[in-house]
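Biologist: Hi, I have a few questions about how the labels on this one were assigned. Could we go through them together?

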Amino acid sequence: MGAYLDGVPMSGIIRIRDMMYGVNRPFRLDQGDVSFDAPAAVKEGMARAIAENRSHYLQTAGVPRLQELLVGKLREVNRIPVATPDEVLVTNGGIHGLYLTWQALLEPGDEVLIPDPEWPPAAGTIQSAHGVVVRYRLNEKRGWRFDLDELTALVTPRTRAIYLNSPNNPTGGVLSRRDLEGVAALATDRGLWIVSDEAYEDVVFDGEHVSIASLAGLQERFVSVFTFSKSFAMTGIRLGYVVASDATLRDRLRKVLFFTTSNVCSVAQYGGIAGLEAPRTVIDDFRAELLARRDLFYQGIDTLGGVLSGEPPGGAFYAFLRIAPDWTRHALAPIDEGGKAQPAGANGSLSWSLANYLIRHGRVGCVPGVDFGPSGEGYIRFCFAREREELAGALASMRSLFRS
């Protein structure tokens, strides 16, 4: 039996999602989902696929045309020297790409260094592959970036890989080229793999997005994971891809891909083809609107009397905000690991207490920072990719709560 899965925790985001379905007229700032619709080209491509009865089995690794387009995108946009379409495998979204990667890469007991704070499924997919999570700290004062010396000190003989997520969920931190060069040198020196999760590659407001696989000297010990979800507003359609140069690893990835999906949904893949064949202007338009929403939301945060604070993120679309330590916890309890109420402060989590209070009393969806790792305690995450009206409503609700 898979009893080991009993020790793999579910993200608190799932519990909060369930809570939000019971809230009347909620402000859904808890979900990492943009309010935009998928581009017209994507929808037309999917409709055309249905009309043309493209509803049968496909190549396991992906439709060849989609793989070819992805190779072109990876070379031109990410500067990754992909040699052939065989190096690209189409997946059922980004999380599926990570699941395939860890299943193919890890032996039981292998350690993987991951950021703290970090999107919870990053740890869950590693643990599902019998790997061991070791967290390296992201420092708010450094723009939510790591200290290379601290990261290096965590490497042991059991370390197998370093996981990167830039721009980062939940903090929005963007790693610099120098950061990535340091990690690349460390990985090369110690014989480690690098797994780069680039879900938010197209949502960078300050600086540039650098794909670590574009740097010289990494040879073949890297895996890059991408998704259409954020760039093309296709979160529910489920389409992503993995890039790997190592032939042995690719054979393993292809097996896990077949065992978990046989092939990714045909209609979704033809939608992806149409999206890549269209001009990238829609991505630029999305990013410009997200920047406007970021600034609107942070202007509103400044009106909350200092309960929440933090600098606007350089990337992604989350506000990861410090909670004032003297915020008075409400009598309503935080939610524990089992989804049950506890006396206020019983689990010692300021972030869970505030999240519960905002959901129960303000109808404002949010995620406690501690759900993203120990370093997230004392913070709370909001998604500002929602409609401007929804953001304004959430801010007005919080102003009312904090005044009282």
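Modeller: Happy to! This is a predicted model, and Pro-117 lies in the loop between S2 and helix H5 (120-128).

Biologist: What makes the peptide bond from Asp-116 to Pro-117 cis?

Modeller: Its omega is near 10 degrees, hence the label cis. The bond from Ser-166 to Pro-167 is cis as well, with omega near -10 degrees, and Pro-167 sits in the loop between S5 and H7. For context, most peptide bonds are trans.

Biologist: Why is Ala-316 called buried?

Modeller: Buried means under 20% relative accessible area. Ala-316 has 0% relative accessibility, so Ala-316 counts as buried. Ala-316 is in the loop between strand S9 (308-309) and strand S10 (318-323), and its phi is near 60 degrees, a positive value in a residue other than glycine.

Biologist: And why is Ser-262 called partly exposed?

Modeller: Partly exposed lies between the cut-offs of 20% and 50%. Ser-262 has a relative accessible area of 23%, so the label is partly exposed. Ser-262 is found in the loop between helix H8 (247-261) and helix H9 (266-277); its phi, near 65 degrees, is positive too.

Biologist: What makes S1 and S4 edge strands?

Modeller: The open sheet has eight strands in the order S1-S8-S7-S6-S5-S2-S3-S4. Strand S1 (88-91) and strand S4 (145-146) each pair on one side only.

Biologist: How do you know that S1 pairs with S8?

Modeller: Pairing takes at least two bridges. Four bridges join S1 to strand S8 (residues 240-244), so the two strands pair, and they run antiparallel. In S8, Gly-240 is the bridge partner of Thr-91.

Definitions and conventions:
Residues numbered from 1 in each chain as written. Predicted model: local features only at pLDDT ≥ 70, side-chain atom pairs only at ≥ 80, totals over all residues. Heavy atoms only, no water. Buried < 20%, exposed > 50% of the residue type's maximum accessible area, 1.4 Å probe, protein only.
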